[in-house]
Amino acid sequence: MSAEKRRSSTTAVPIKNIERELICPICKELFTHPLILPCQHSVCHKCVRELLMLNHEDSFDAGSECSLPGSPRSRVPSPSMERLDRLVRSGGSRGSISSPGWRRGSVTPRVTTIPCPGCQHDIDLGERGISMLFRNFTLENIVERYRQAARAAVAIMCNICKPPQQQEATKSCMDCKASYCNECFKLHHPWGTPKAQHEYVGPTTNFRPKVLMCPEHEMEKVNMYCEVCRRPVCHLCKLGGSHANHKVTSMSSAYKILKEKLAKSIHYLISKEDQVRTQITDLDLLINQTEENGQLAERQANEHFERLFETLQERKSEMLRSIEQSRNRRLDQLKAQVEEYQGMLENSGLVGYAQEVLKETDQSCFVQTAKQLHIRIQKATESLRTFHPASDPCFDEFVLNTSREETLLKEMCFGGVPDPPLIDLSNSRVYNEASICWRLSDDHLPTDHHVLEYRRLGGPGQSPSQEDGEDSGVWRATDRVYGPSTVVCDLEPDSLYSFRVRSCRNSMFSPHSPEVTFHTPPAPAFGFLFSDKCGFSTERLILNKRRDTVESVASMAFLLAAERVQTGSYIGLDYIIGDMGISQGRHYWAFKVEPYSYMVKVGVASDSKLLEWFHNPRDTSSPRYDHDSGHDSGSEDACYELSQPFTLLTLGMGKLFIPKTSSSSSASTANASSGDPGNRVLPMPQRLGVCLDYDECRVYFYDADTMRCLYERQVDCSGTMYPAFGLMGSGKVQLEEFITAKRLTF
């Protein structure tokens, strides 16, 4: 009866309207045996396999021709459903399906990383490859219902009836994986037999397993949900597998929570249907306006360029005409000079004529003719002595220098004023130096450079009007920045700074980004790494290669030690300290504690107290009987006394616990003196900061994002003080990059 209800509820969904959600992003066809990637996007099984094959071929031979025409589906034939289940579930086939084309002993490494077509992130499938992915049975069922709605005229036939009397199926048995008409179903599922208890649904060709099995432990059912990896897991995965240190919930709880969230979200969207339709109408109007304005911009651009072309064409024609006229004039002058000089040759021209005049014997006639001829001969003789061409063959006056015009044309701005960038708060960090990052809009045009501006708004306990400095409140700009980030140096401690940035393209500046404010720490940043020598427990603590992240894991030794809890013994904290000590001055450092951490203690401790902690047995006494052991986890109501050589603050399970102070204590915080324990439990900050004033013998704990002081107290600084961290159970602490880089001023 429940199956019929489920069927009736699903048929009410307008299944034909959701086709876009059922298309594989790779092959652009309806999903076939979809698998869920770790990023929660679904991709066809064959498409994932093809991506692995492509990546493997590229890594095997980058120069070989491995292009695939058309869809990835065209390379590998479609396996049957049974073979698919066998490949995904069996251990013997796991190697071939994890990385196609890879063989043991091959020089080429196995490729298990593919780009997700949905979010464009690289997905590492791990050593087990595709066998670690769940099949998306829910999506398969929806695709199957869509196919049935699309081919309403094509009915699913009974698998038992024989042609030509084969009847249309009315039910499908999920246990038998077959479809039946009414008569055949009654015949094969008689009352009073185990088959009568089989689960049946409406006619379908998609039969999924009744129970979802763990892909890593094939014989185990998934009964929990990992909130870190966001995937179902079995109890073996939690006990000793890859999810041992992750926070998990029961499957029923995850089902209830996720279903309620999804139902609320769907209800909210349905309640806003009129608003959505109005926004769709507005978007359609914007589309039309964009089309019209785009066409108008094209016409105006064509007109502007046509006018430029016409002006250039006019100037070109005028210049070519001037060059032609000058060339003709010069050629005429030179040709005339050539003819003149040719007349000076013997028996030709002027010389020949003069020779004939010399033959005249009549004196009066000779004198009459020779006088003018002699003048011409003298001019010719003079021209021989001072030869000058009649015109200059050089056309330098017509050579154009268009560099300025070309520069102007190149600087013509067609994109208008660039969009302002946005300062990225999540990646920006401010200490006595500020690392400010920003991002541009997704559809932005390339920019030439950026300029970051900043100003000091106020110092400790002062408003901007009380500041005496000349630069207070005045914007200062950095040099040109050609990337998405920059570093500002020499900031005042315990001060409020405002930052803004703008972009420049083609000498045009964008508007300023919205101002963001950061509060600098009360002291310069103290640079250090985790020490891998002093007291470091390799059994229960994992330190990465950079020594900026430490993680506590629940190992077998921890599990065996837990048995001693029955006898009243204590399972101690695993301590790790910084590799640099403090013996004078004020210093500040910040770090992040993962929210899933069970219990983490952070603070400072002297070298003498650390030696005591590291050399005393940790599982023989309870902290309730050793007040100075540094452990107040036995009871959060324990009080600190004055002048202790250490101070530790407890964090865990997404909370921060403020220690209860005694009446004689000098510790101060907004909630520390309250008698209500609930007032001493705060949400865990995303980033925690610690400031040690060695000279004043005080330690401060801050919310590093807002620089709000959460707790402060007096501490005995008689020796060298070290940043100290204690972990119990699963937990993780990560130092910030500015702290580990050791590149800030001290």
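# A walk through the predicted model

The buried residues of helix α9 are S326, R330 and Q337, and they make a convenient starting point for reading this structure, which is a predicted model. Helix α9 itself covers residues 273-342, a run of 70 residues, and from its first C-alpha to its last it reaches 100 Å, close to the 104 Å expected at 1.5 Å a residue. In an α-helix there are 3.6 residues a turn, so residues three or four places apart point the same way. Two of the buried residues named above, S326 and R330, can be looked at on the helix with that in mind.

From the helix we turn to the nonpolar cores. The largest of them has 36 residues, and those with the most contacts inside it are I576, W589, F591, V602, L692, F725 and V733. A second, separate core has 24 residues, among them C24, F31, I114 and I123. Returning to the largest core, we can take V602 as one of its well-connected members: when its neighbours within four places in sequence are left aside, V602 is in contact with F591, T647, L648, L649, L651, L688, F701, A724 and F725. Two of these partners, F591 and F725, are themselves listed with V602 among the residues with the most contacts inside the core.

Strand β35 offers a way from this core into the sheets, since V733 belongs to the core and also sits on the covered face of β35, together with G731 and L735. The uncovered face of the strand is made by K732 and Q734. Strands of a sheet pair through backbone hydrogen bonds, either parallel or antiparallel. Strand β22, residues 549-552, is joined to β35 by four bridges, and the two run antiparallel; within this pairing, S552 has G731 as its bridge partner. Strand β24, residues 586-593, also runs antiparallel to β35, to which it is joined by three bridges, and here F591 stands opposite L735.

Before β24 comes the loop that leads into it from β23 (574-577), and this loop is the place of M580. Because its relative accessible area is 37%, M580 counts as partly exposed. M580 and Y722 are 142 residues apart in sequence, while their C-alpha atoms are 6.8 Å apart in space.

Charged side chains add another set of links, and the structure holds 18 salt bridges. One of them joins R429 and E736, whose side chains meet at 3.4 Å, N to O. R429 lies in strand β13 and E736 in the loop between β35 (731-735) and α15 (737-741), so this pair ties together parts that are 307 residues apart in sequence. R429 counts as partly exposed because its relative accessibility is 22%, whereas E736, at 7%, counts as buried. The pair does not stand alone, for salt bridges that share partners join R429, R687, D705 and E736 into one network.

A further salt bridge brings together the side chains of D424 and R439, at 3.6 Å, N to O. D424 is in the loop between β12 (422-423) and β13 (429-430), while R439 is in strand β14 (residues 434-439), and the two are 15 residues apart. Here D424 is buried because its relative accessibility is 14%, and R439 is partly exposed, with a relative accessible area of 46%. In another salt bridge, E405 and R404 meet through their side chains at 3.3 Å, N to O; E405 is partly exposed at 35% relative accessibility, and R404 is exposed, with a relative accessible area of 56%.

Two smaller details complete the tour. An open sheet of three strands has the order β2-β1-β5, with antiparallel pairing, and its edge strands, β2 (42-44) and β5 (134-135), each pair on one side only. Strand β1, residues 34-36, pairs with β5 over two bridges in the antiparallel sense, and L35 stands opposite R135 of β5. Elsewhere, S179 lies in strand β7, residues 178-180, and counts as buried because its relative accessibility is 2%. The side chain of S179 makes a polar contact of 2.7 Å with the side chain of S172.

Definitions and conventions:
Residues numbered from 1 in each chain as written. Predicted model: local features only at pLDDT ≥ 70, side-chain atom pairs only at ≥ 80, totals over all residues. Heavy atoms only, no water. Expected span 1.5 Å × (residues − 1). Buried < 20%, exposed > 50% of the residue type's maximum accessible area, 1.4 Å probe, protein only. Core = buried A, V, L, I, M, F, W, Y, C linked by side-chain atoms within 4.5 Å. Contact = heavy atoms within 4.5 Å. Polar contact = N/O pair within 3.5 Å; in protein donor to acceptor, adjacent residues only side chain to side chain. Salt bridge = Lys/Arg side-chain N within 4 Å of Asp/Glu carboxyl O. Pairing = 2+ DSSP bridges.
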